[in-house]
Amino acid sequence: MSAAAGYPGAYAPHAPIGLPVRSLGNGALWLAAFLSGFVIEEPAPYELYMALLTVVWLACGLKLRREFGPLIICLMLYITGGIASIPIAKDFGDASMYMAVSGFLAITAIFYAAILAEKPERFRIIQNGYTVSAVLVSLVGIAGYFQLFPGAEYFTLYDRARGTFKDPNVFGPFLVLPTLLIIQKLLRDSVLKNAFLLVPLTVLLLGIFLSFSRGAWGVLFAGVLVIYFLALVTERSNRRRVRLIMLGFAGVLAVFALLTAALSIDTVAQMFEQRARLVQDYDSARLGRFARYALGFQLVMEHPLGLGTLGFRNYFPEDTHNVYLKSFTTYGWLGGVTYIVLALWTLSAMVPLLFKSRPWTGFTQCVFAVFVAHLILSVIIDTDRWRHMYMLYGLAWGLIAADRLEARRPHAAPVIAKA
């Protein structure tokens with residue numbers, strides 16, 4: 001019997017030790033998803049833990065499957081482009097460390113893909129750990145914003161909630177996936193029976209709002225639209241469609257009520273007025289964000305290997321704030337093209353899954369919605385080093401691989417998704 005036989009994901013009915021080992025593995029996976037929300041310092045506990053967990057699972061038989069081969073190949077090409085740009089960098093040591101971290105994050109994406117491909121039912125473990133983490137992180141951010149305990153200001157930045165993240169612009173988007181999962185649950189099931197979910201939902205929504213991240217607000221808005229649209233088009237009952245429309249109106253009214261309550265606080269209202277402007281001063285300045293996009297892409301055309309790791313700041317006062325431009329400047333033409341190919345490939349491969357009857361279809365739809373919103377957000381924010389962005393890539397390809405494996409089982413019984 002192989003080492004994988006008693007490890008999580010493999011079922012051994014005659015091995016008494018199988019259940020405890022599976023439980024231990026599932027608990028380890030839950031902790032990985034939970035720790036993804038704690039990256040205020042580097043190296044973060046998440047990174048140290050994932051390094052150990054990945055090695056252990058691979059040693060115990062976790063497989064790299066051809067079904068998520070595009071993810072592996074694209075990430076390898078992406079990192080290769082970055083390695084090729086290291087000699088151009090001003091500081092060889094910083095450049096090497098930057099690429100080492102990028103390579104590690106790529107491995108975490110492959111890890112999540114392998115985990116779900118082997119046993120897609122593990123999505124519940126990841127979902128649970130991620131949601132608990134997000135609620136706790138959001139509470140920390142809210143407490144920090146309102147200074148509810150001594151030293152709480154540590155969890156804010158520029159008078160914005162950042163929770164256990166270095167930047168409010170990462171904190172806010174991190175909270176969106178569990179928010180959508182709860183909203184989807186309320187759309188599909190009885191609101192009264194799941195009324196308890198309104199508490200964590202309110203906490204998450206308030207955390208996203210107090211991040212005062214326009215990107216996070218946009219990700220939430222786009223994500224809600226996607227899952228609401230999918231709920232309507234996949235619902236076969238006219239009566240339930242009417243219910244969804246009524247819930248939509250109720251949700252809009254609830255959001256306005258929450259906004260009104262939050263904006264009744266003067267400091268919140270002032271910050272909201274400032275952050276709600278579509279274009280900030282640093283966007284439209286002479287060398288502002290938008291000007292740097294055009295100048296940056298012109299510069300990249302002259303440098304096939306990129307500008308060297310972190311080299312963009314040698315030409316401009318600030319970073320790229322655009323992951324597609326960042327891919328070309330830091331990872332060269334090879335990395336830039338590869339990243340765009342990977343993003344489009346992931347999107348196109350996920351679309352058919354949104355309408356298939358699987359127990360994990362709801363989770364797939366939420367991952368797709370957040371992933372699409374993040375790709376749009378990446379036009380104005382550099383998401384290259386966001387831990388949960390790599391997790392999204394891994395979850396997406398894990399679900400894609402699981403579907404492909406399911407389709408290749410000739411005698412498999414049909415899987416019926418829960419309503």
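**Close-up views of a predicted model**

**View 1. The largest nonpolar core and the residues at its busiest spots.** In this predicted model, the largest nonpolar core holds 118 residues, and Phe68, Phe111, Tyr112 and Tyr393 are the ones that touch the most other members. Helix H4, spanning residues 92-118, supplies the largest share of this core, with 16 residues. Apart from this core lies another one, made of eight residues, including Leu299, Val300, Leu307 and Phe316.

**View 2. The surroundings of Phe111.** Which residues is Phe111 in contact with, leaving aside its neighbours within four places in sequence? They are Leu29, Met50, Leu53, Thr54, Trp57 and Leu62. Do keep Phe111 in mind from the previous view, as one of the four residues that touch the most other members of the largest nonpolar core.

**View 3. Helix H16, residues 387-407.** Is H16 mostly covered or mostly uncovered? Mostly covered: 19 of its 21 residues are buried. From its first C-alpha to its last, H16 reaches 31 Å, close to the 30 Å expected at 1.5 Å a residue.

**View 4. The protein chain as the setting for these close-ups.** Stepping back, the protein chain contains 16 helices and two strands. Of its 419 residues, 53% are buried. Among contacts between residues at least 6 apart in sequence, 72% join residues at least 24 apart. The accessible surface of the chain comes to about 19400 Å², and carbon and sulfur atoms account for 69% of that area.

Technical notes. Residues are numbered from 1 along each chain as its sequence is written. This is a predicted model: local features need pLDDT of at least 70, side-chain atom pairs count only at pLDDT 80 or more; totals for chains, interfaces and linings use all residues. Side-chain values use heavy atoms; hydrogens and water are left out. A nonpolar core is a set of buried Ala, Val, Leu, Ile, Met, Phe, Trp, Tyr and Cys residues joined through side-chain atoms within 4.5 Å. Buried means under 20% relative accessible area, exposed over 50%, partly exposed in between (1.4 Å probe, protein chains only). Helices (H or I, at least four residues) and strands (E, at least two) are DSSP runs, numbered from the N terminus. Contact means heavy atoms within 4.5 Å. The expected span of a helix is 1.5 Å times one less than its number of residues. Accessible areas come from the Shrake-Rupley method with a 1.4 Å probe; for residues, only the protein chains shown count as cover.
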